Amino acid sequence: MRIVDLRTEYTADLLGTEVRRPRLSWRIESDVPGAVQASYRIRAGAWDSGVVASDATFDVEYGGPALESMQRVSWAVEATDADGNRAQSDQAWFETGLFSPKDWRADWIEAEDDFAAADRAAGVAWVWTETALDDRPHAFRLDFEAPADLVRAEVLVAGKDHLRGVWINGEKSPLDWHFDWDTYLPFWGTLGAYAGEVKPGRNSVCALVEADTAGFFPVDGGAFAALIRLYRADGSVERIVSDAFRVMPSPPAGWAEPGFDASGWAAPAPSGANVHNDPRPSEPAMLLRTEFTAERPVVAARLYATALGAYDARINGKPVTGAILAPEISVAADHILYQVYDVTDLIQPGANALGATVGDGFYASPFGWRIERYGFGPAPRRFRAQLRLDYADGTSDWVATGTGWRLSTSAIAKSEIYDGETRDARQEQPGWDLPGFDASGWAHAKRGAAPNTRLIAQTSPLLERTGTLRAKSVTEPLPGRYVFDFGQNFPGWVRIRATGHAGTTITARFAELLNPDGTADLANLRLAKATDSFTLAGTGEEVFEPSFTYHGFRYVEVAGYPGVPTADDVLGMVVHSACREIGGMTFHDAPLLQTIFDNALWSQRSNFFAVPTDCPQRDERMGWMGDIQVFMDAAAFNMEVDPFIRRFLLEARAAQRSDGAYPIVVPQPLSFPDVVTAGWSEAGIILPWQLWQRYGDTAAIDENWEAMTGWMAFVARTNPDGIWRNDRGLDLGDWLSVDAIKPDDETTPRVLCATAYWAWCAELMAEMAEATGRDAAEWRDLRARIGEAFAAEFVAADGTAGNGSQCSQVLALYMGLVPGDRRAAAAEILANDIRARGMKLSTGFLGTPYILDVLADAGRHEEVAGLLLQTGYPSWGYMPAQGATTMWERWNGDTGDLSMNSYNHYAFGAIVGFFYRRLAGIAPATPGFRRIAARPLWYPAIGRVSARYESLIGLIEAETDGDATGLTRFALTIPANTVAEVELPGRWTLGDQHFENRIEVGSGTHDFRKS
């Protein structure tokens, strides 16, 4: 027997945890079949658990003395089996983070140059008239005198929800945000530059703005902002901002002409819309640095760092980490994440340099549909870091951010999540991150205001480069425009190698589609420009990749390249949260299902990006709760997700309203509509339950319990009769169902969807309460009451649920809401509808994840196989049949409204959970896979299936084989300390054992043969 894979909070060698009583886990390995742990003993620092008679190897709470900040605890496990054999593990360790704000010695320092600071000081504000929800077009006019020594001017304007026009001295400027809707896109969050001639003397700037006062999403009124910069010959810049304008709803004819008199118009009022962002335009990334001396031999060094923005920290010219875009997106009004790095090996005797490049990141980039810069909190960008040096003599020193640091503009002129990065290598300052660099010309850093928020250590997987892809083909559809096809839709960027003259600018445009002429088509990215730009310094071979952006793409169009680029010159860098991949499946006889599996996995890689997002490419990339709650079953098979999802649940708790309501997007910009939606908001309950099921993680239940009960109370508060009629918020329902003409069409009664989820969550609450020693009775009573009300309200005598849609039948059956005497009829209605459609589904986001399970449980295997192998629209197989390499947002993503056409959404990839659980026969019978449910289904048209899943307790492998008569062989390998409940139809042989239908087996490899 061997003890391996020691983990703290499901992480090996955990650095920076703030959990005061962390959970410990380990795995047992043994060459003896059926081996089971009989007892364990943990020694962790000063704590000795003593011998504990138990087979538990996970969810074991540390029971030692109270932990302190920055404490390192080494620990090991000794275990015995039933025969008294004893094993001893190697030493593992965990280290705590900063438990108290007093542990921070560093100041926040500002990361902006004087130009951006002057823009900020000018005080750009959102203005309107007194009535926020006024649907009349609002005219804003500014008449001003430009100085006689005017060199040039910039006119920057934004209007919410629709900017109908901008006129400069009576001449209309082109609006460059048109997007083929019936009106201009409701873009407003960041000021855009508009062309026109501003002359010395009298000038006018006019804008016409119209607010939405009705719509599917909540409306909040109009807003206007402007910044006019007047550049003078002496180098100074005058600034005029929004509140200098005059405003008039429904303006008279000629109001934008140069000589019009608007002196009688009203002064604007502060906008009453839900506007919290700073609309100022982009600013360059900044360099920050200091030097320090390591006086004595250093035995350990830790860097604690964070930013309002994103940082790339370096010591002595080397990166402290491979992490990208740290700190990652968070509910910044509640907390900012900080990271802890072991930098011992980067410290050298004597002089050292510590520096960081600070860009926009998620905090400051234009983000969300409204393109809100500083949408999570106020400007400016700020950086905070402290380096602890532990010397061999037992003493320590600290190096911390403060006014002694120096500041300079970097070579990165712009770095934004959606639009991309602009870098000019001619502006690089070689050696800036090395000791001895002359920074005397740099500005002194300014101490910044401390944000009113918590700092929380991030111990979940960081964003990292996880792979490299080489283009499958390179074409030149137009002279000088080279298109690289990587053959795979993926997240990240490209690394470009080039040699050319100084000033040569290379652009890379990222796309999921191609135009008919073979160039990159960015139309479905909406407002995301998805373009990186690199200007050569002319110093020989140069290599570029961005630092503070990312893209979702298959194609890259490169222009301006000196010469003809090859596939070796432009490499695809795959970037996502570095969750370890632990599962895999092989469909030996069904290449279509293999492609569906692979596509879903690529969509998971693409959208596990700091938080579980909806898409990686367009102007969204947000943490939609509904997407991850339906995909979680599949996700947890493919990757190790406990720390990643628990970190997301931290964001969900932080975003929860005071009335208990979970939002639909987490984290969301402060101006995003604050609404709930059934099937989305319940992720706050479903995800903790899933973590408990997969990992036996009761800590996930405990840390979310108060929030979960708050949500259940929110729903119950205004729905006393057990039907969720009131306070359903946005109410998306079975989103993107096949029969919907518009995405928000109601093809399944939304009240049915909502009530079904309420009932299911009551059931999950009862299970979690029981697992953690809480009272489950109230939740069981609630589930019974909702169930009775649901059956009376929605389930007809013939088994029809709601309007009889596939989603209605699926949710009612899956969530156990159809009375037993009507279940067969209800399943028959579902199957008949599928057959009537030609073995095709009609479900959207809520019905799709469960449809195959419902059919399989009802014995409707012909329909299961028919849906799985279908390649016509709508079906999972339709996507790969059209060349898809990831899952699509819509079943017909190749047609229709481009604004809803993401080619990289994982929600419909929830089918992968069925692949593992039902086709391969790998499912948890008890939380954490201590007992395994092995109940494989055999479909001759699908054929042989192999799967592997590295559970917390060990590796599980399964393989099926059969013929037209059914399953004939099942191979199963399960780890030590587990039991498998095997269910196979008919008579079977295992070695010299014979059994019928069901058997339990212990650890080892088992070869079941049909008798």
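Two residues are said to be in contact when heavy atoms of each lie within 4.5 Å. With that meaning in place, this report describes selected features of a predicted model, beginning with one helix and its surroundings.

## Helix H12 and its partner H15

In helix H12, the residues Leu852, Asp853, Ala856 and Asp857 meet Ile911, Phe914, Arg917 and Arg918 of helix H15. This contact is made up of four nonpolar and four charged residues, with no polar ones. H12 covers residues 848-857 and H15 covers residues 911-920. Their axes lie 8 Å apart, and the two helices pack at an angle of about 35°.

The spacing of the H12 residues in this contact may be read with a general rule in mind. An α-helix has 3.6 residues a turn, so residues three or four places apart point the same way.

How many of the ten residues of H12 are buried? Nine of them are, and the helix is therefore mostly covered, since a residue counts as buried when its relative accessible area is under 20%. The buried residues are Thr848, Pro849, Tyr850, Ile851, Leu852, Asp853, Val854, Leu855 and Ala856. They pack against H4, H8, H10, H11 and H15, and also against helix H13, which spans 861-868. Just after H12, Gly859 adopts a positive phi of about 75°.

## The second largest pocket

H12 and H15 also take part in lining the second largest pocket. The volume of this pocket is about 990 Å³. Its lining consists of 35 residues, and those nearest the centre are Trp689, Tyr814, Asp853, Arg917 and Arg918. Three of these names have appeared before: Asp853 belongs to the H12 side of the helix contact, while Arg917 and Arg918 belong to the H15 side.

Which elements each supply at least two residues of the lining? They are H12, H15, helix H4 (625-638), helix H6 (683-695), helix H8 (750-771), helix H10 (806-814), helix H11 (823-836) and strand S49 (923-924). Sorted by class, the lining holds 20 nonpolar, four polar and eleven charged residues.

## Helices H5 and H7

A second helix pair is formed by H5 (residues 642-655) and H7 (residues 698-717), whose axes come within 10 Å and cross at roughly 10°. Because of this crossing angle, H5 is roughly parallel to H7, a description used for angles under 35 degrees. On the H5 side, Arg646, Leu649 and Arg653 take part; on the H7 side, they meet Ala699, Ala700, Glu703, Asn704 and Ala707. The contact contains four nonpolar residues, one polar residue and three charged residues.

## The loop between H5 and H6

Phe672 is located in the loop that joins H5 and H6. Is Phe672 buried or exposed? Its relative accessible area is 4%, so Phe672 is buried. Leaving aside neighbours within four places in sequence, Phe672 is in contact with Asn274, Trp369, Glu372, Met622, Trp624, Ile664 and Val665. Leu525, by comparison, is 147 residues from Phe672 in sequence, and the two C-alpha atoms are 19 Å apart.

Pro667 also lies in the loop between H5 and H6. The peptide bond leading from Val666 to Pro667 is cis, with omega near -15°.

## Further backbone features

Another cis peptide bond runs from Lys160 to Asp161, with omega near 5°. Asp161 sits in the loop between strand S14 (150-160) and strand S15 (162-168).

The table lists two residues that have a positive phi without being glycine.

| Residue | Phi | Loop between | Relative accessibility |
|---|---|---|---|
| Asp13 | near 45° | S1 (2-8) and S2 (14-17) | 39% |
| Asn316 | about 50° | S25 (310-315) and S26 (318-319) | 11% |

These values place the two residues in separate classes: Asp13 counts as partly exposed because its relative accessibility is 39%, whereas Asn316, at 11%, is buried.

## A buried strand residue

The last residue considered is Thr290, which is part of strand S23 (residues 286-294). Thr290 counts as buried because its relative accessibility is 13%. Not counting residues up to four places away in sequence, Thr290 touches Asn352, Ala353, Leu354, Val399 and Trp405.

How values were computed. Residues are numbered from 1 along each chain as its sequence is written. This is a predicted model: local features need pLDDT of at least 70, side-chain atom pairs count only at pLDDT 80 or more; totals for chains, interfaces and linings use all residues. Side-chain values use heavy atoms; hydrogens and water are left out. Helices (H or I, at least four residues) and strands (E, at least two) are DSSP runs, numbered from the N terminus. Buried means under 20% relative accessible area, exposed over 50%, partly exposed in between (1.4 Å probe, protein chains only). Axes are lines fitted to C-alpha atoms, for helices over the stretch in contact, and angles run from 0 to 180 degrees between N-to-C directions. Ala, Val, Leu, Ile, Met, Phe, Trp, Tyr, Cys and Pro count as nonpolar, Asp, Glu, Lys and Arg as charged, and the others, Gly among them, as polar. On a 1 Å grid over the protein atoms alone, a cavity is a set of points where a 1.4 Å probe fits but cannot get out, and a pocket is an open set with protein on both sides within 12 Å along at least five of seven lines; lining residues have an atom within 4 Å of a point. Grid points are joined across faces, edges and corners, and a volume is the space filled by probe spheres set on the points. Angles under 35 degrees count as roughly parallel, over 145 as roughly antiparallel, 65 to 115 as roughly perpendicular and the rest as oblique.
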